[in-house]
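Work through the exercises below with the sequence and the model open. Try each task before you read its solution.

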Amino acid sequence: MTAYILTFILFLVGLYGVITRRNLIKIAISLSIMEFSIFLLLVLIGFIDGGSAPIVDPEKAGTLYVDPLPQAMVLTAIVIGLATTAMLMAIAIRLYRKYKTFDIREIKNLRG
Amino acid sequence: MEGMSVIIKKVTQLLAGLIFVYGIYIILHGHLTPGGGFAGGVIIAGAFILLILAFGSSELNLKTEVSGSSGTESLAILLVVILALMSLLLGAKVFIVNFLPKGLPGELLSAGVIPLYNLFVGVEVAGAILTIFLALVIFKEESST
Amino acid sequence: MNALIPLFVALPLIAAFLVMILGKLVSKFHRFFTPLVLLILLAMAIYEFSMAGMAPIIYTMGGWSTLGGIPVGIYLVLDGFSVLMLCIINLVGFIALFYSLSYMKQYTAERNYYALFCLIIAGMNGVVLSGDLFNLFVFMEVSVISSYALVAFGVGKTELEASFKYQVLGVLASMLILLAIGLIYWQTKTLNIADVKTLLKGGAGDPFLVFIQVLLISGFGLKAAIVPFHAWLPDAHSSAPSPISAMLSGVLIKAVGIYVLIRLFFNMFAFSHEIAVIFTVLGTLSMVAGALLALMQWDLKRLLAYSSISQIGYVVMAFGMAMVLLSSGTNQGAAVLAVTGAVYHLVNHAVFKGLLFLNAGALEHRLETRDLRKMGGLSTAMPITSSTSLMASMSISGIPPFNGFFSKLIIIIAAIQGHFYLLATLAIVVSIITLGYFLKFQRYAFFNKPLEKALQKIREVPFSMSFSMLVLAVLCFALSLLAFPAISNEVLRPAIDVLMQSDLYSITITGL
């Protein structure tokens with residue numbers, strides 16, 4: 001039970017980072033922390049006590065395996081997280097070229 | 001971008017080939033061991049990125065476009081979707097079905113279509129990550145000079 | 001099984017990557033190829049629409065049939081609501097693409113634009129077709145990441161800032177949705193939407209389920225820009241290139257926001273009174289806040305973006321009213337009327353908001369500005385733009401005989417029949433405010449006296465842009481015919497039936 005609570009605390013740490021940090025790169029890293037905490041929660045959901053890794057060994061038949069479906073979900077979600085982080089970093093670099101700063105308090109052209 | 005010291009350059013020259021072969025191993029054994037297309041593709045891209053970081057982009061004379069890796073990536077995705085669509089014509093006539101003969105579990109040449117998918121996805125992911133890295137490095141070059 | 005269904009997703013994917021490769025070898029390849037592909041998709045969508053009956057058509061990817069009554073494969077489901085959304089997506093996509101053939105000549109990386117556009121269409125087609133929760137998440141991410149890139153396409157200062165704000169809130173929303181999907185899997189050990197419905201039949205007031213539902217409302221509410229989750233929409237929709245604004249405001253917030261909310265809350269969860277009240281309150285807040293904020297805008301596309309928030313508020317409020325009535329089990333007639341009005345307004349809004357954004361793009365293309373105070377007197381210089389924008393403004397304000405009048409009338413009648421008198425009054429008041437700010441748009445852009453002499457030398461926009469605007473204007477007029485019961489029975493009834501008889505969706509899938 002404590003493992004689930006710890007992943008949720010990691011999610012809240014990431015959320016705190018997104019809300020309070022002023023540097024663009026730190027916001028992107030906090031979003032990545034949030035993503036990874038959810039991946040950990042997903043893999044934990046599929047855990048069965050006493051189970052082994054879900055790879056079929058033809059000699060030892062009939063062993064208990066953990067649930068492989070959340071692991072497939074997490075593999076796909078890692079790829080999505082990579083694409084999202086790459087997009088954020090590309091935009092952050094271009095923003096630095098235009099505004100000469102990473103501080104979000106300086107980047108406020110759009111108002112109203 | 002400047003390169004790094006001589007020690008790093010020598011060690012990278014020795015290691016990059018080993019990392020590349022290890023990535024190919026992970027891709028090819030995707031249906032037998034953990035890993036598969038995505039993890040192997042990232043390792044292959046890692047070998048190339050290690051070389052670029054160690055030697056510096058000025059010494060490697062990188063071109064001003066990312067055409068090579070971008071073209072490889074698009075070609076690999078096309079092959080994946082065409083392979084999925086081919087299953088509409090052969091076999092059970094459903095999208096993404098395993099239509100090649102499946103051998104014995106545990107062999108290298110088994111499980112029908114899955115090793116082919118792993119191979120194309122691995123090439124695609126390596127191309128994609130390399131394209132992202134090259135685009136960011138070349139953009140830095142263009143803006144700073 | 002219908003073999004055309006996976007092609008809705010596979011065809012734009014192939015087109016996107018063919019454009020990336022062959023666009024380097026053959027010049028101007030993308031300008032002929034992508035409109036052709038989208039035209040084929042539109043023809044397929046209309047064919048499916050004419051063929052669809054009452055029962056959902058199911059397509060299993062990979063051919064995995066059910067094992068002992070439990071669906072194990074990934075399903076693509078085509079039912080009445082999905083096929084209506086498919087038609088809207090491919091229609092507005094084709095029109096926006098045709099418009100961008102001449103609009104995007106001012107940008108340098110045109111090839112990437114067409115590839116990303118095909119990817120957005122592929123993602124949205126996948127979202128409305130998928131019958132599996134995680135498949136829906138993946139296709140939603142495909143379309144949303146492409147839209148992040150397209151909002152930042154002309155890399156100026158305002159576009160990059162708008163895209164960064166959009167991305168941070170979009171990633172936050174996706175994480176909330178993934179957390180909700182993980183918790184649903186924990187509770188039911190399955191990801192198929194129909195299977196989750198049969199397994200969740202029992203507990204309606206279970207606190208864990210209420211937590212999941214609140215997470216889903218927050219996540220998809222961020223994607224659909226409901227107040228208080230709307231902060232990214234004015235920046236993103238006003239800084240994007242105009243055909244992309246039309247796609248985002250006309251189709252994306254509906255396909256990955258409203259459609260998924262309605263699919264999950266009508267066909268997957270059992271109706272509960274508190275969630276329905278939340279829906280109605282959020283919808284009403286969006287309706288009022290969007291309209292009030294739009295009154296003060298002088299930037300044309302920001303005004304249209306706030307107006308989008310207001311009209312989506314109408315749709316969410318009508319769905320919320322239907323959920324309140326269905327959860328208490330009384331007054332079925334008013335609930336059917338509310339769902340009819342909501343679906344009709346969804347279709348209408350895609351058409352006339354797309355047309356309004358294309359008009360704004362035409363004005364920006366010729367005048368290089370979006371500020372209403374700098375325009376004036378263009379009704380003689382740009383006749384097609386002026387007349388189509390007049391038709392769209394009258395539609396969105398709810399003036400007969402255009403389509404907006406009928407859909408808003410149905411929503412107001414449903415509110416009165418369901419004894420929601422406050423909501424009906426607010427709907428009428430917001431409709432008058434909408435008329436107010438669209439009259440402001442028309443007066444300042446087209447009917448004022450021109451302030452500078454240079455404005456008198458403006459010519460009309462090129463053929464592809466004016467053709468797209470004319471097609472959408474004709475469609476505005478044609479959709480008003482849906483108010484007649486005979487025609488709406490053909491067009492809207494399958495969608496309404498799928499939502500009202502929520503058992504129909506799951507029995508067809510798990511009964512196989």
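Three exercises follow, each with a worked solution.

This is a predicted model, in which local features need pLDDT of at least 70, side-chain atom pairs count only at pLDDT 80 or more, and totals for chains, interfaces and linings use all residues. Residues are numbered from 1 along each chain as its sequence is written, chains are lettered from A and ligands numbered from 1 in the order in which they are written, and side-chain values use heavy atoms, with hydrogens and water left out.

**Exercise 1. Describe the interface of chain C and chain A.**

Step 1: count the residues. Chain C brings 36 residues to the contact and chain A brings 38 residues. Contact means heavy atoms within 4.5 Å.

Step 2: take the area. The size of an interface is often given as the accessible area lost when the parts come together. Here about 3,400 Å² is buried between chain C and chain A, and carbon and sulfur atoms give 80% of that. Buried area is the accessible area (1.4 Å probe) that two parts lose on being put together, summed over both. On the side of chain C, Glu161(C), Phe164(C) and Tyr185(C) lose the most area to chain A, together 19% of what that side buries.

Step 3: look for salt bridges (a side-chain nitrogen of Lys or Arg within 4 Å of a carboxyl oxygen of Asp or Glu). The rule finds zero across the interface of chain C and chain A.

**Exercise 2. Find which helices of chain C touch chain A.**

Step 1: list them. Helices are DSSP runs (H or I, at least four residues), numbered from the N terminus. In chain C, α5 (133-151), α6 (157-188), α9 (233-239) and α12 (300-328) each supply at least two residues of the side that touches chain A.

Step 2: pick the main contributor. α6(C) gives the most to this side, with 20 residues.

**Exercise 3. Place Gly40(B) in its chain.**

Step 1: outline the chain. Chain B has five helices and zero strands (a strand is a DSSP run of E, at least two residues). Of its 145 residues, 39% are buried.

Step 2: locate the residue. Gly40(B) lies in helix α2 (residues 37-55) of chain B.

Step 3: is Gly40(B) buried or exposed? Gly40(B) is buried, because its relative accessible area is 0%. Buried means under 20% relative accessible area, exposed over 50%, partly exposed in between (1.4 Å probe, protein chains only).

Step 4: name its neighbours. Leaving aside residues up to four places away in sequence, Gly40(B) touches Gly23(B), Ile26(B) and Ile27(B).
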